[in-house]
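Hi,

Here is the structure I said I would send over. Have a look at it first, and then read on for what turned up when I went through it.

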Amino acid sequence: MSTAAVTPARPGKVLADLLPASRVRDIALVLGGAALTGLAAQIAVPVPGSPVPVTGQTFAALLVGTTLGARRGVSSLAVYALAGLAGVPWFAGGASGISVSFGYILGMILATAAVGALARRGADRSVLRTAGTMLLGEAIIYLVGVPYLAYAADMSASAALAAGFTPFLIGDAVKAALAMGLLPTAWKLVKE
């Protein structure tokens, strides 16, 4: 099997790398990614029986990771988390500080690192690879968020799964489908 069939034509780049390189660019991208995540977190729909709402936050975090790459993506989500802890009201629904859903934010930081590293290897350039990348990112968010929810809300593991995982599966499938359309299309448009 030839590696050319698996390796993208120009590995090593993420979409943000197509902009002229500078420190100012990187700072703007990091701050912009944090702001995008904060804005998307304001799209919050309560889930009956769950202290965790459905938000656009995870979708934004995964897009930040894939478009900025691991280093800038993690920096962006770290700024988002630290500013929210310091009182900026941009967690889900205008909240700030530590809550029972803070584990999901920690998971987003790790997920951003993973999807950013995969995007740098071309995992955002085809529909199927983008789907796998997004689903892996979502899984990482849940692997951190659900146990944190169980601990912080004093729930059993099954109760935490019922409140912090199961109700979100359909929404996550929709988010993955959106990414499957957006990211490969963006690469086709820039013809890289």
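Arg72 comes out at 3% relative accessibility, which is under the 20% cut-off, so Arg72 counts as buried. Bear in mind while you read that this is a predicted model.

What does Arg72 pair with? One partner is Asp17: the two side chains meet in a salt bridge, with 2.7 Å from N to O. Asp17 sits in the segment before helix 1 (23-40) and Arg72 in helix 3 (residues 70-85), so this pair ties together parts that are 55 residues apart in sequence. Asp17 is buried, just as Arg72 is.

Asp26 also forms a salt bridge with Arg72, and there the closest N and O atoms are 3.0 Å apart. Since Asp26 belongs to helix 1 and Arg72 to helix 3, that contact ties together parts 46 residues apart in sequence. Asp26 has 16% relative accessibility, so Asp26 counts as buried.

Zoom out a little and you get a network of salt bridges that links Asp17, Arg25, Asp26, Arg72 and Arg120. The search of the whole structure gives 5 salt bridges.

Away from that network, have a look at helix 7. Asp172 and Lys175 are both in that helix, 3 residues apart, or about one turn. Their side chains meet in a salt bridge at 3.7 Å, N to O. Are they buried or exposed? Both Asp172 and Lys175 are buried.

Then there is Arg125, which you will find in the loop between helix 4 and helix 5. Arg125 is buried but has no salt bridge. The nearest side chain of opposite charge belongs to Asp124, and that is 4.2 Å away, while a salt bridge needs the atoms within 4 Å. What Arg125 does have is a backbone oxygen to look at: the one of Lys13 lies 3.3 Å from a polar atom of the Arg125 side chain.

On to the pocket. The largest pocket holds about 360 Å³ of space. It is lined by 26 residues, and the closest to its centre are Val52, Pro53, Thr55, Gln57 and Tyr104. Which elements give two or more residues to that lining? They are strand 2 (54-55), helix 2 (57-68), helix 4 (102-120), helix 5 (127-152) and helix 7 (169-190). By class, the lining has 15 nonpolar residues, 8 polar ones and 3 charged ones.

One backbone oddity to check when you have it on screen: Asp154 has a positive phi of about 55 degrees, although Asp154 is not a glycine. For context, most residues other than glycine have a negative phi. Asp154 lies in the loop between helix 5 and helix 6 (157-164). Buried or exposed? With a relative accessible area of 72%, Asp154 is exposed.

Finally, a few C-alpha distances, in case you want some pairs to orient yourself by:

- Ala150 is in helix 5 and counts as buried at 14% relative accessibility. Ala150 and Ala163 are 13 residues apart in sequence and 9.4 Å apart in space, C-alpha to C-alpha.
- Leu15 is in the segment before helix 1, and its 17% relative accessibility makes Leu15 buried. The C-alpha atoms of Leu15 and Ser76 are separated by 15 Å, with their positions 61 residues apart along the chain.
- Ala28 is in helix 1 and is partly exposed, at 47% relative accessible area. Ala28 and Leu82 are 54 residues apart along the chain, and their C-alpha atoms are separated by 17 Å.
- Leu182 is in helix 7 and counts as partly exposed at 44% relative accessibility. Leu182 and Tyr142 are 40 residues apart in sequence and 23 Å apart in space, C-alpha to C-alpha.

If you open just one view, I would suggest Arg72 with its two aspartates, Asp17 and Asp26.

Cheers

How values were computed
Residues numbered from 1 in each chain as written. Predicted model: local features only at pLDDT ≥ 70, side-chain atom pairs only at ≥ 80, totals over all residues. Heavy atoms only, no water. 1 Å grid on protein atoms, 1.4 Å probe; cavity = no way out; pocket = protein on both sides within 12 Å on 5 of 7 lines; lining within 4 Å. Points joined across faces, edges and corners; volume = space filled by probe spheres on them. Helix = DSSP H or I, 4+ residues; strand = E, 2+ residues; numbered from the N terminus. Nonpolar A, V, L, I, M, F, W, Y, C, P; charged D, E, K, R; others polar. Buried < 20%, exposed > 50% of the residue type's maximum accessible area, 1.4 Å probe, protein only. Lys, Arg positive; Asp, Glu negative; His and termini not counted. Polar contact = N/O pair within 3.5 Å; in protein donor to acceptor, adjacent residues only side chain to side chain.
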